[in-house]
Amino acid sequence: MDRIKITDVRVNPGDSGFLIDDGKTAILYDTGFGFTGFAMAEKIKQVLGDRRLDYIFLTHSHYDHALGSAYILRHYSDAKVVAGRYAAEIFKRQGAIAVMQDLDRKCAQRCGVEYGEFLGNELRVDITADDGDIIEAGDMCFRVLYLPGHTRCSIGYYCEEHALMLSSETIGVYDGEKLIVPSFLVSYNDSLRSIDKVLSLKIENLLAPHLGLLSKEQTMFFLSSCKQSAKSAAGSIADMIKSGTNDNDIIREFKNTYWRGYIKDIYPEDAIDLNTSIMITLIRKELA
């Protein structure tokens, strides 16, 4: 990792965008919200100066990870956007774009930011990635990992040379201390399989969505705890379902456990309410 510099270029809480640069090739890992996209582009320019942005690696199609790419491409039009095949299909759906716009506008309002031009219809994917594909980004080489569970389009990127994992929310949302929030929105069982896929790799450096590059100690804790965190959350939800606890009370218990500290800063309450309700539905189908 001596040759690679990772810079946090996030703008607002809940954003996700990190610049990976080896001095020759620059990669933006996720791009954050649409309403912060132009500001993120300015932060990238402060780092790169007159150099170009070569690649944008998207982990999935959610608006807080992917929408900013349309804005950043106005400044760096030659950057190659990499995303999973399913994400590329989602970007073609007008219904999905409308949902992104609505969520992006609401988030901007919560942050006290005036909402400007919406560029969701300019979302694009230049390199459609499948599981096992190799992305050669200058001297850096990344293997694509299909990691469904958070979404059907979730992927991660692994650089074996540097034992570097660009992670996905499927593996969990980490607060940097002792809390890992499970986020399986399409399949709990797929999430466990995705976690196992990541755990089979030699990982010494991990870049976590919404958080950044972990220390060695944080990496060890995260990798040793993420699967148990998912299993614990799913088991707790299943037990409450079996005991007849109503959904609102299950959501309240989930939030009491996971919605605190740093997680509360980056995770809007309406989002965790919605996501937890989706997880409850999944657990009813897959466990309870």
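Student: How much area does the protein chain expose, and what part of it do carbon and sulfur atoms supply?
Tutor: The exposed area is about 12500 Å², and carbon and sulfur atoms supply 46% of it. Such areas come from the Shrake-Rupley method with a 1.4 Å probe, and for residues only the protein chains shown count as cover. This is a predicted model, in which local features need pLDDT of at least 70 and side-chain atom pairs count only at pLDDT 80 or more, while totals for chains, interfaces and linings use all residues. Residues are numbered from 1 along each chain as its sequence is written, and side-chain values use heavy atoms, with hydrogens and water left out.

Student: How do you know that the radius of gyration of the protein chain agrees with that of a compact globule?
Tutor: The rule, applied to C-alpha atoms, is 2.2 Å times the number of residues to the power 0.38. For 288 residues this gives a value near 19 Å, and the protein chain has 18 Å, so the two agree. The C-alpha atoms fill a box of roughly 60 × 45 × 35 Å along the principal axes.

Student: Why is Ile27 called buried?
Tutor: Buried means under 20% relative accessible area, exposed means over 50%, and partly exposed lies in between (1.4 Å probe, protein chains only). Ile27 has 0%, and therefore counts as buried. Across the protein chain, buried residues make up 55% of the 288 residues.

Student: Where is Ile27 placed, and which residues is Ile27 in contact with beyond its neighbours within four places in sequence?
Tutor: Ile27 is in strand E3 (residues 26–29); strands (E, at least two residues) and helices (H or I, at least four) are DSSP runs, numbered from the N terminus. Contact means heavy atoms within 4.5 Å, and the partners of Ile27 include Phe18, Leu53, Tyr55, Ala137 and Phe142.

Student: What makes the phi of Asp30 notable, and why is Asp30 called buried?
Tutor: Its phi is near 65 degrees, a positive value in a residue other than glycine. Asp30 lies in the loop between E3 and helix H1 (37–48), and its relative accessibility of 0% is why Asp30 counts as buried. Ala163 also has a positive phi, near 45 degrees, and lies in the loop between strand E9 (155–159) and strand E10 (164–166). At 4% relative accessibility, Ala163 is therefore buried.

Student: What makes helix H3 mostly covered?
Tutor: Six of the eight residues of H3 (residues 68–75) are buried, among them Tyr71, Ile72 and Leu73. Their cover includes E3, H1, strand E4 (55–57), helix H2 (63–66) and strand E5 (80–84).

Student: How do you know that the span of helix H8 is close to the expected one?
Tutor: The expected span is 1.5 Å times one less than the number of residues. H8 (residues 247–258) has 12 residues and reaches 16 Å from its first C-alpha to its last, close to the expected 16 Å.

Student: Why are the buried residues of H8 said to line one face of the helix?
Tutor: The buried residues are Ile250, Ile251, Phe254, Lys255 and Tyr258. Seen down the axis of H8, they fall within an arc of 135 degrees, so they line one face; the arc is that of the directions from the helix axis to the C-beta atoms. On the other side, Asn248 and Asn256 are exposed. What covers the buried residues includes strand E12 (180–181), helix H7 (216–242), helix H9 (261–266) and helix H10 (269–286).
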